[in-house]
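Good morning, colleagues. Please take a moment to look at the sequence and the structure before I begin.

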Amino acid sequence: MSTPRAGANAPLWASASRRSATVSRAPERRPTEESSWGVSRGGKDGGWRASGLPESVASGCREPPLCFGLKNDLVGVVIGQMSCNPSFGGIGKGHLMREVDALDGLCSRICDQSGVHYKVLNRRKGPAVWGLRAQIDRKLYKENMQKEILNTPLLTVQEGAVEDLILTEPEPEHAGKCRVSGVVLVDGSTVYAESVILTTGTFLRGMVVIGLEMHPAGRLGDQPSMGLAQTLEKLGFVVGRLKTGTPPRIAKESINFSILNKQMPDNPSVPFSFINETVWIKPEDQLPCYLTHTNPQVDEIILGNLHLNSHVKETTRGPRYCPSIESKVLRFPNRVHQVWLEPEGMDSNLIYPQGLSVTLPAELQEKMITCIKGLEKAKMIQPGYGVQYDYLDPRQITPSLETHLVQRLFFAGQINGTTGYEEAAAQGVVAGINASLRVHGKPAFVVSRTEGYIGVLIDDLTTQGTNEPYRMFTSRVEFRLSLRPDNADSRLTFRGYKEAGCVSQYRYERASWMKSSLEEGISVLKSIEFSSSTWKKLIPEVSISVGRSQPISALEVLKYEEVDMELLAKAVPELLEKYAECNELAKRLKIEANYESVLSHQLQEIKEVQRDEALQLPKDLDYLTIRDVSLSQEVREKLHFTRPQTIGAASRIPGVTPAAIVNLLKFVKTTQRRQAAMSRLPKTNQYLCETDRLQGEL
C-alpha cells in the first residue's frame, strides 16, 4: 500500500485489534469546516466505536479523513462490533451516554436506532440518579454505525494494522521526553500525523483464558498487539495487568422462558439522544428480558473445580462491580445471584446471560448452566472466557488525556484501566477533541468534576489511578443533583460548540431553544401566584393545604408528586399551555422544580470547588527539586508522577496530606503575586532587574 502522510493538521487514531478499522469524520457544524486525517486499529474499543469520535478529531483540520482496516472485506466486521454485552447505559453509565451525546458523539443516536428493549433504571429514586439503559440488536447497531461512518463524505477506508509509534524530538515549550508524529504499520509502512490517539481495548498483550487453556488474543478469534505494548513499555510507561470476562451464549429455543420472571420495556421509551423525541421501535414491538437465579448446585460446581480455572487463580485484578460468577461465589458464599437473560437481537437465536461471566472449562460451563432454573435443557453455543491484558497507569495522562511522557500522544478507553463501552466513549470524545485542539495550539478542552460525569471519570483516573477495571457509578459523583441526565446538554453542548467545534449547528440551536424555554418557563411558573384555597379549586385532585397564608407559586405547586405540567396547563391554560405541548420541555420543567430548592446550596459548594480548580499549578514545576515549598519526599514523588494541573486535583491524590496542600497553595499564590508584580514593571525596570540577577549569578 502507499504510505499516507497527514498534512499540517492531522490527528491519528490507533487501536490494537488485528481486524481493524479507523474512522475520522467531518463534523456537521459549519459548511466551511475542514476535515482531518484519522487512523485506528480495531473496532474493539468504545473510544471511537461508541463515541463517534471522528466528529471531534475532524474539527478544524485540513486533510481528508483516513480510515484503516486490515482488509476491505473485514472493515464491515469491526466497525460497530459490540464485543461483549449487547447493551448500553445503566446507572451512572447512562449519564455518560447523555454527556457523550451532548458533545455530538454517535453512540446515543445509534442506540436509539438499534435497541430492542429500553428501560430507565433506578426510577424509585429521583431523576438525578436515573439510569437510561437499552438492550441493543448487535446486527442493527453494526449496520447503523457502518451506515453513518462509511457514508461520511471524504472518509477513506484503507488497509493497515498499527505495530509501532514514530517518535521525534520534543517541542521545547512542552513537557515530555519526545513527540509522536505517526505510526508504523505491521507491513513496515508509515502513516504520519500531528497527534495520535491509542484506543487499544483488551489487545495489549491480550490473553484469552478458558479453564487451564490460555492463548494470545485480544478477544476470541483476534490476535493481540505485542509490538505496540513493547514500545510503550520501553518508553517508560508504567504498565499494569487487568482481567475481564464474558459469559457463554445460549440458544434461545432451548430456554424455558415460561417459568421465569418476565421484564417488559418502558412505555413510553426514553431515547438516549437529546435530538431524538422517540426511539425507532414501539414499546409493544420490543423484546422482553427474563430473570433467573443461581443456586447451591452452581456454587458446588464452581468451588469443586477451582483447580481447573487459571483465570480465577491469577492475581491480576478483575472488575469489582461486574465480577465473574466464580468471584461472586467466592466473595459472597451461600448467596443467590441474579442472571438476566438478554436478547442479542430481533432475529438472533442467541441469549446473553448477564451476570454469568465464567472461565471454567467448556464442559463444566454447560453442566453449570443446566443447573439453573429455566436453563435445564439449555444449549451452549459459545463458552464464556476471560481476557487478561495490559493497561497503562492513567496517572501518566493529563485531564486532556495527553500523556506526560510523549507529546501529542493520547490514550482513551481500556488502556487507561476502565471497563465498559460508555466509559470508553466518554474518554474517546475528550481525546478526539483535544487531539485536534493540540494540533492547532488551542487550549485543552477539560471537563471538571463540577461539570459532568465525564469530568469525574477522568479526574478519578488521572489523580488516583486504578488497580482494577474502573466503572462509573453515581456514588462517585459529589454533585449528583446538578449533574443529571436531563441537563447534560445545558452543561456541555454550548462548550462543545464554542470551544471544541465538535457540535453541529442543529444540535446547538436545539439546545439553545431548550435552554431559553426552560428559563422562560421557570420565570413564568414563579410569577403565577394564587392562595392555597384558589389552587385547591383549580386542581382539587391535589392535596394542597389550605391553611397557608402566603401565596403559592405555580413552581411550588409543580413540586407536588402528583402534579405535572399537563395538569398545571389545564388549571392556567392561557399562561402555561405552550410549556406542556412539548413533552421533553414539560418533563424537564418538572425536574427543575423538584430540585430548585436544593440546587442553590449545591451551587455554592460547586463554586468553592471551582475556586480550587482555578488555582493552576505550573506545568513545568519540578516537584523533586523545588526548594520554595515544604513537602515530604513521599508527597514530592506522588506529585511528580501524577503531575496535577490544579490545587484541587492535587488535593485528591491519595497520600498528599492537607498540610502539603496548604504549603503548595502558599507557593502558588506567592508565585502568582510575583508574576503579577513583574508584569506591572516598566520594560526598562524589568531589564535592569534581569541584569542585576545575571550579575549576581556570575
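I shall begin with a pair of charged residues: both Arg507 and Asp101 are buried, where buried means under 20% relative accessible area, exposed means over 50%, and partly exposed lies in between, with a 1.4 Å probe and protein chains only. Arg507 and Asp101 form a salt bridge, and their closest N and O atoms are 2.9 Å apart. Arg507 belongs to helix H15 (residues 505-527) and Asp101 to helix H4, so this pair ties together parts that are 406 residues apart in sequence. By salt bridge I mean a side-chain nitrogen of Lys or Arg within 4 Å of a carboxyl oxygen of Asp or Glu. Helices (H or I, at least four residues) and strands (E, at least two) are DSSP runs, numbered from the N terminus.

A word on the source. This is a predicted model, in which local features need pLDDT of at least 70 and side-chain atom pairs count only at pLDDT 80 or more, whereas totals for chains, interfaces and linings use all residues. Residues are numbered from 1 along each chain as its sequence is written, and side-chain values use heavy atoms, with hydrogens and water left out.

Now the chain as a whole. The protein chain has 24 helices and 24 strands. Of its 698 residues, 58% count as buried. Contact means heavy atoms within 4.5 Å; among contacts between residues at least 6 apart in sequence, 75% join residues at least 24 apart. The protein chain exposes about 29,000 Å², and carbon and sulfur atoms supply 51% of that area. Accessible areas come from the Shrake-Rupley method with a 1.4 Å probe, and for residues only the protein chains shown count as cover.

Let me return to helix H4 and the sheet beside it. Helix H4 (residues 93-102) lies across E3 and E5, running at about 80° to E3. Helix H5 (residues 107-114) packs on the sheet as well, touching E3, E4 and E5, and its direction makes about 115° with that of E4. For these angles, axes are lines fitted to C-alpha atoms, for helices over the stretch in contact, and angles run from 0 to 180 degrees between N-to-C directions.

What is the order of the strands in this sheet? The sheet is open, has three strands in the order E3-E5-E4, and its pairing is antiparallel. Strand E3 (87-89) and strand E4 (115-121) stand at the edges with a single partner strand each, so one side of each is left without a neighbour in the sheet. From one strand to the next, the twist averages 15°. Two strands pair if DSSP finds at least two bridges between them. Three bridges join E3 to strand E5 (residues 131-136), and six bridges join E4 to E5. Arg133 in E5 stands opposite Gly89, and Arg133 is also the bridge partner of Lys119.

How many of the six residues of E5 are buried? Six of the six are, and E5 is described as mostly covered. Both faces of E5 are covered, with Gly131, Arg133 and Gln135 on one side and Leu132, Ala134 and Ile136 on the other.

I turn next to the other salt bridges. The count comes to 37 by the rule I gave. Asp222 pairs with Arg219, with the closest N and O atoms 2.5 Å apart. Asp222 is buried at a relative accessible area of 1%, and Arg219 counts as buried at 8%.

Asp390 and Arg241 meet in a salt bridge at 2.8 Å, N to O. Asp390 lies in strand E20 (residues 385-392) and Arg241 in strand E13, so the pair ties together parts that are 149 residues apart in sequence. Asp390 counts as buried at 5% relative accessibility, whereas Arg241 counts as partly exposed at 28%. Salt bridges that share partners also join Glu171, Arg179, Glu194, Glu402, Arg408 and Arg438 into one network.

Strand E13 (residues 239-246) also holds Leu242. Leu242 is buried, with a relative accessible area of 0%. Leu242 and Gly417 are 7.7 Å apart in space, C-alpha to C-alpha, and 175 residues apart in sequence.

I close with Lys590, in helix H20 (residues 583-614). Which side chain of opposite charge is nearest to Lys590? That side chain is Glu562, 7.0 Å away, and Lys590 is buried yet has no salt bridge. Here Lys and Arg count as positive and Asp and Glu as negative, while His and the chain ends are not counted. Leaving aside residues up to four places away in sequence, Lys590 touches Leu558, Lys559, Tyr560, Glu561 and Val563.
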